[in-house]
Amino acid sequence: TKVERLRQLENLKLSDFGTRRRHGFLWQRWCVEAVKEGLGPSFIGTSNVLLAMDNDLEAIGTNAHELPMVAAALAKDDEELRWAPYRILDQWRQTYGGNLLIALPDAFGTKAFLRDAPEWVADWTGFRPDSAPSIQAGEEIVAWWKKKGRNPRDKLLVFSDAMDVGSIEETYHHFAGRVRLSFGWGTNLTNDFVGCTPDGSFNLDPISLVCKVSSVDGRPAVKLSDNPEKATGLPSEIERYLRVFGDAGRVRTPVLV
């Protein structure tokens, strides 16, 4: 089974990130309880605060794309737009007193984020790469840390984009010993019913549900993403954001979940 395969990964750190696209609350609760029993201390938490409380787990998550999207939408000009992702992270680190320092770099493209990031971003605990292929995104961030004179072994990468057992195993083996790792297991944990219908239909396949900001005080909001298939916003605004942040590193790939 999936849990038995994951049990073979020494010192694995895995959490449930499946609240948004779960089959239902009761099924998510069963999944959390089953994985906790199956993985023991390797299962470190869930993004569902109620289930975390009920199962004596840590409530785990990171800041979301909505924060830089809102800050960017409120920017008065292109220069403010360019620095919006860092301004919101600066407010985040001040709000939480140096805790919860996992950056989500891909709202307007990871290459653009790393290119312009202030030096203090390199001192954060780690990153959650979210829309580029996991190994490619991780290698880019590891190289950036080295360029900044930081030791990747002291840093944390949280992988959570459409992860399933196979991609968790592949990413784990690729980076093991080079950087601290954690995995968020989402749709493929809490909505894994592909091929389960008696009539062979696709009625139980998970949908790719996206919840993003569309506007802020009447101003349109945009997410570029490392994958253009995941971009959201008005075409005219996407074009403006691409002019400011650039298109480097963005690769179109199918969105499965």
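## Cavities and strand 7

Helix 6 supplies four residues to the lining of the second largest cavity, the largest share. The model is predicted. Two topics follow: enclosed space, then strand pairing.

**Cavities**

Searching the whole structure turns up two cavities of 30 Å³ or more. The table sets them side by side.

| Cavity | Volume | Nonpolar lining residues | Polar lining residues | Charged lining residues | Largest share of lining |
|---|---|---|---|---|---|
| Largest cavity | about 120 Å³ | 13 residues | two residues | three residues | helix 5, five residues |
| Second largest cavity | about 40 Å³ | four residues | three residues | three residues | helix 6, four residues |

Take the largest cavity. Its lining counts 18 residues. P85, L104, P105, F108 and F113 lie nearest its centre. Helix 5 (78-95) and helix 6 (110-116) each give at least two residues to this lining. Helix 5 gives five, the largest share. By class, 13 of the lining residues are nonpolar, two are polar and three are charged.

The second largest cavity has a volume of about 40 Å³. Its lining includes F108, G109, T110, K111, A112 and R115. F245, G246, A248 and R250 also line it. Four of the lining residues are nonpolar, three polar and three charged.

F108 links the two descriptions. This residue is among those nearest the centre of the largest cavity, and F108 also lines the second largest cavity. Helix 6 likewise appears twice. It supplies at least two residues to the lining of the largest cavity and four to that of the second largest.

**Strand 7 and its partners**

Strand 7 spans residues 180-185. Five of its six residues are buried, so the strand is largely enclosed by the rest of the structure. Burial here means under 20% relative accessible area.

Strand 7 pairs with strand 1 and with strand 6. Strand 1 (residues 14-16) runs parallel to strand 7 and is joined to it by three bridges. In this pairing, L14 stands opposite F183 of strand 7. Strand 6 (residues 156-159) also pairs with strand 7 in the parallel sense, over four bridges. Here L156 stands opposite R180 of strand 7. Between strand 6 and strand 7 the chain passes through helix 8 (residues 165-175). This β-α-β crossover is right-handed.

Terms used:
Residues are numbered from 1 along each chain as its sequence is written. This is a predicted model: local features need pLDDT of at least 70, side-chain atom pairs count only at pLDDT 80 or more; totals for chains, interfaces and linings use all residues. Side-chain values use heavy atoms; hydrogens and water are left out. Buried means under 20% relative accessible area, exposed over 50%, partly exposed in between (1.4 Å probe, protein chains only). Two strands pair if DSSP finds at least two bridges between them. A crossover is right-handed if, with the strands pointing away from the viewer, the path from the first strand over the helix to the second runs clockwise. On a 1 Å grid over the protein atoms alone, a cavity is a set of points where a 1.4 Å probe fits but cannot get out, and a pocket is an open set with protein on both sides within 12 Å along at least five of seven lines; lining residues have an atom within 4 Å of a point. Grid points are joined across faces, edges and corners, and a volume is the space filled by probe spheres set on the points. Ala, Val, Leu, Ile, Met, Phe, Trp, Tyr, Cys and Pro count as nonpolar, Asp, Glu, Lys and Arg as charged, and the others, Gly among them, as polar.
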